[in-house]
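Hi there,

Here is the structure I promised to pass on. Have a look at it first, and my notes follow underneath.

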Amino acid sequence: MDISNRELLEGVNLYLVGMMGAGKTTVGHLLAQELGYRFLDTDSLISQAAGKSISEIFATEGEAAFRELETNILSEVSSYKKLTIATGGGIVIKPFNWSYLQHGIVVWLDTPVEVLYSRLQGDRTRPLLQDSNPLGKLQELLEERRPLYANADVHVNINSKDTPEEVTMLVLAEIKRVVKSKVVS
């Protein structure tokens with residue numbers, strides 16, 4: 001018996017994690033459509049709640065204040081069901097956030113640093129990339145976060161040729177595999 005995408009998660013939230021530029025928002029929209037879920041982006045919610053951009057929050061209040069807002073938003077959205085949620089790239093660095101993430105299925109969109117760099121070149125809205133060596137900074141952040149991202153339930157390797165639609169289908173196939181193995185065991 002094949003499970004339809006809309007029945008697959010039985011209302012459990014789907015959290016997309018990965019580096020900035022990995023495609024969490026784009027793929028998240030597509031996954032939400034496939035699953036019959038609503039889509040949320042934690043960075044957008046943080047900006048709305050704070051009344052300012054992520055860059056402004058970093059500049060005026062610092063990264064620690066941003067991370068606190070991020071945890072507050074995550075705690076709020078995790079109380080709902082049938083959501084596909086694109087998280088900020090650094091959400092995994094705060095261990096407490098995992099207490100919320102683990103109530104859903106966590107999907108790591110693992111994108112090579114060269115692909116991230118090509119997607120983010122010239123993007124001035126990313127506070128952590130305002131560095132003299134943005135490629136080096138991306139590599140450093142990825143190495144720091146890789147063991148944390150690896151805690152995800154689903155790991156999807158992405159290459160530069162994958163379209164958002166292809167990544168969406170890869171994610172759904174991996175989720176089906178994980179859900180099926182949990183049902184069997």
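Among contacts in the protein with a separation of 6 or more, 74% are between residues 24 or more positions apart. Please keep in mind that this is a predicted model.

As for the overall build, the protein has eight helices and five strands, and along the sequence they come in the order β-α-β-α-α-α-β-α-β-α-α-β-α. Its radius of gyration is 16 Å, close to the 16 Å that the globule rule gives for 185 residues, so the protein is as compact as a globular protein of that length. Measured out along the principal axes, a box of roughly 55 × 35 × 25 Å holds the C-alpha atoms.

Turning to the surface, 46% of the 185 residues count as buried. The protein exposes about 9400 Å², and 52% of that comes from carbon and sulfur atoms. There are 19 positive and 24 negative charges, and the mean positions of the two sets lie 3 Å apart.

One residue you may like to click on is threonine 87, in the loop between strand E3 (83-86) and helix H5 (98-101). Is threonine 87 buried or exposed? Its relative accessible area is 3%, and buried means under 20%, so threonine 87 is buried. Its side chain reaches the backbone oxygen of leucine 16 at 2.7 Å. Leaving aside neighbours within four places in sequence, threonine 87 is in contact with Tyr15, Leu16, Val17, Lys24, Thr42 and Leu101.

Best wishes

Terms used. Residues numbered from 1 in each chain as written. Predicted model: local features only at pLDDT ≥ 70, side-chain atom pairs only at ≥ 80, totals over all residues. Heavy atoms only, no water. Helix = DSSP H or I, 4+ residues; strand = E, 2+ residues; numbered from the N terminus. Rg over C-alpha atoms; globule rule 2.2 N^0.38 Å. Buried < 20%, exposed > 50% of the residue type's maximum accessible area, 1.4 Å probe, protein only. Contact = heavy atoms within 4.5 Å. Areas by Shrake-Rupley, 256 points an atom, 1.4 Å probe, with all protein chains shown as cover. Lys, Arg positive; Asp, Glu negative; His and termini not counted. Charge placed at Lys NZ, Arg CZ, Asp CG, Glu CD. Polar contact = N/O pair within 3.5 Å; in protein donor to acceptor, adjacent residues only side chain to side chain.
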